[in-house]
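Here is a short walk through a two-chain model. Have the structure open and turn it as you read.

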Amino acid sequence: MEKYSVIGKRLPRVDGVVKATGEAKYTADMVLPRMLYGKVLRSPYPHARIVHIDTSRAERLPGVKAVITGKDTLGKKYGGLPALP
Amino acid sequence: MKQLIELDVNGEVYELAVEPRRTLLEVLRENLGLTGAKEGCDMGECGTCTVLMEGRPVLSCLILAVESQGKEILTIEGLAKVGQLSALQQSFIDHGAIQCGFCTPGIILTAKAFLDENPHPGKEEVKRAIGGNLCRCTGYVKIIEAILAVAQE
């Protein structure tokens, strides 16, 4: 065993120190120039059919850059990757 | 309307203008850039936002910044002394008690306050002490080992 430097040894995580000191940056900790903030509005009703979403008032609010609904996703319900054939 | 407050964080006094509705967590993270305290649930369930106030663990998502004036606040960023990790921080690393690390700052601070009051606890006491801090990776065994190792030093 002794000829190995890694196998059979307990190794500390490479990111252990920054995680123990709070330095580690998670996605929500990042601040970037011109960063926008998003907010998800969920349906208050389970299994409801969406008939219409009126986004006009939200779009008129000062500072709002975009209001995105199902109409903006080309009918794709989940994820951004095409399904494998 | 914003209110002028002084916050004593990690031994430094910050003068800030904050809206009275903002939580200590928001002000720590957004105004002071101290992102070690995490926003997990933002409703006092998970313990990731734990900081020490006058040496006691508090949930910074449930405390207003304006209420925190004049109190000594310690966040995870203030725990290591000039590049020297605290015994708990080192122990968490050595025992593999950190995985994703999101709960780590809160648990280390909770454990610090606990060990400051009770330096030689048993395993059951440690479990009870960290009962308010959720970890979804490690299953707590290594976290408890890491805390007990410091207690036995």
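## Chain A at a glance

Chain A is quick to describe: its secondary structure amounts to two helices and zero strands. Of its 85 residues, 7% are buried. Keep in mind throughout that this is a predicted model.

## Chain B overall

Chain B has five helices and five strands. Going along the sequence, they come in the pattern β-β-α-β-β-β-α-α-α-α. Buried residues account for 42% of the 153 in this chain.

What about its overall dimensions? The C-alpha trace of chain B spans about 50 × 30 × 25 Å along its principal axes. A compact globule with 153 residues would have a radius of gyration near 15 Å, and chain B agrees, because its own value is 15 Å. As for how the chain folds back on itself, take the contacts in chain B between residues at least 6 apart in sequence: 58% of these join residues at least 24 apart.

## The sheet

The five strands of chain B make an open sheet with mixed pairing, in the order S2-S1-S5-S3-S4. Which strands stand at the edges? They are S2 (12-18) and S4 of chain B; each has a single partner strand, so one side of each is left without a neighbour in the sheet. From one strand to the next, the twist averages 40°.

A helix sits on this sheet too: H3(B) packs there and touches S3 and S4 of chain B. The direction of H3(B) makes about 30° with that of S3(B).

## Zooming in on S3(B)

S3 (residues 50-53) of chain B is a good strand to follow, with S4 (residues 56-59) of chain B as one partner; the two are antiparallel and share four bridges. Here Met53(B) stands opposite Arg56(B) in S4(B). The hairpin of S3(B) and S4(B) has two residues between the strands, and Glu54(B) takes a positive phi near 50° in it.

S3(B) also pairs with S5 (residues 72-74) of chain B, again antiparallel, through two bridges. In this pairing, Leu52(B) is found opposite Leu74(B) in S5(B).

## Two domains in chain B

The domain assignment splits chain B into domain 1 (3-78) and domain 2 (87-151). Taken over C-alpha atoms, the centres of domain 1 and domain 2 of chain B are 21 Å apart. Their contact draws on 14 residues from domain 1 of chain B and 12 residues from domain 2 of chain B.

Which strands of domain 1 of chain B take part on the side that touches domain 2 of chain B? S3 and S4 of chain B each supply at least two residues there. S3(B) gives the most to that side, with three residues. Sorted by class, the side of domain 1 of chain B that touches domain 2 of chain B has seven nonpolar, five polar and two charged residues.

## H2(B) and its surroundings

Now for helix H2 (residues 87-94) of chain B. Its buried residues are Leu88(B), Gln89(B), Ser91(B), Phe92(B) and Ile93(B). What do the buried residues of H2(B) pack against? In chain B, they meet H3 (104-117) and H5 (141-151), and in chain A they meet H1 (16-21). Just after H2(B), Gly96(B) takes a positive phi of about 65°.

## Where the chains meet

The contact between the chains takes 18 residues from chain B and 13 residues from chain A. H2 and H3 of chain B each supply at least two residues of the side of chain B that touches chain A. Which element of chain B gives the most to that side? H2(B) does, with four residues. By class, the side of chain B that touches chain A has nine nonpolar, six polar and three charged residues.

Two helices are worth another look here. H2(B) has buried residues that pack against H1 of chain A, and H2(B) gives the most to the side of chain B that touches chain A. H3(B) packs on the sheet and also supplies at least two residues of the side of chain B that touches chain A.

Conventions. Residues are numbered from 1 along each chain as its sequence is written. Chains are lettered from A and ligands numbered from 1 in the order in which they are written. This is a predicted model: local features need pLDDT of at least 70, side-chain atom pairs count only at pLDDT 80 or more; totals for chains, interfaces and linings use all residues. Two strands pair if DSSP finds at least two bridges between them. A residue is buried if 20 or more other C-beta atoms lie within 10 Å of its own, exposed if 12 or fewer, and partly exposed in between; C-beta atoms are placed from the backbone. Two residues are in contact if their C-beta atoms, placed from the backbone, lie within 7 Å. Domain bounds come from an automatic or database domain assignment. Ala, Val, Leu, Ile, Met, Phe, Trp, Tyr, Cys and Pro count as nonpolar, Asp, Glu, Lys and Arg as charged, and the others, Gly among them, as polar. Axes are lines fitted to C-alpha atoms, for helices over the stretch in contact, and angles run from 0 to 180 degrees between N-to-C directions. The radius of gyration is taken over C-alpha atoms; the globule rule is 2.2 Å times the number of residues to the power 0.38.
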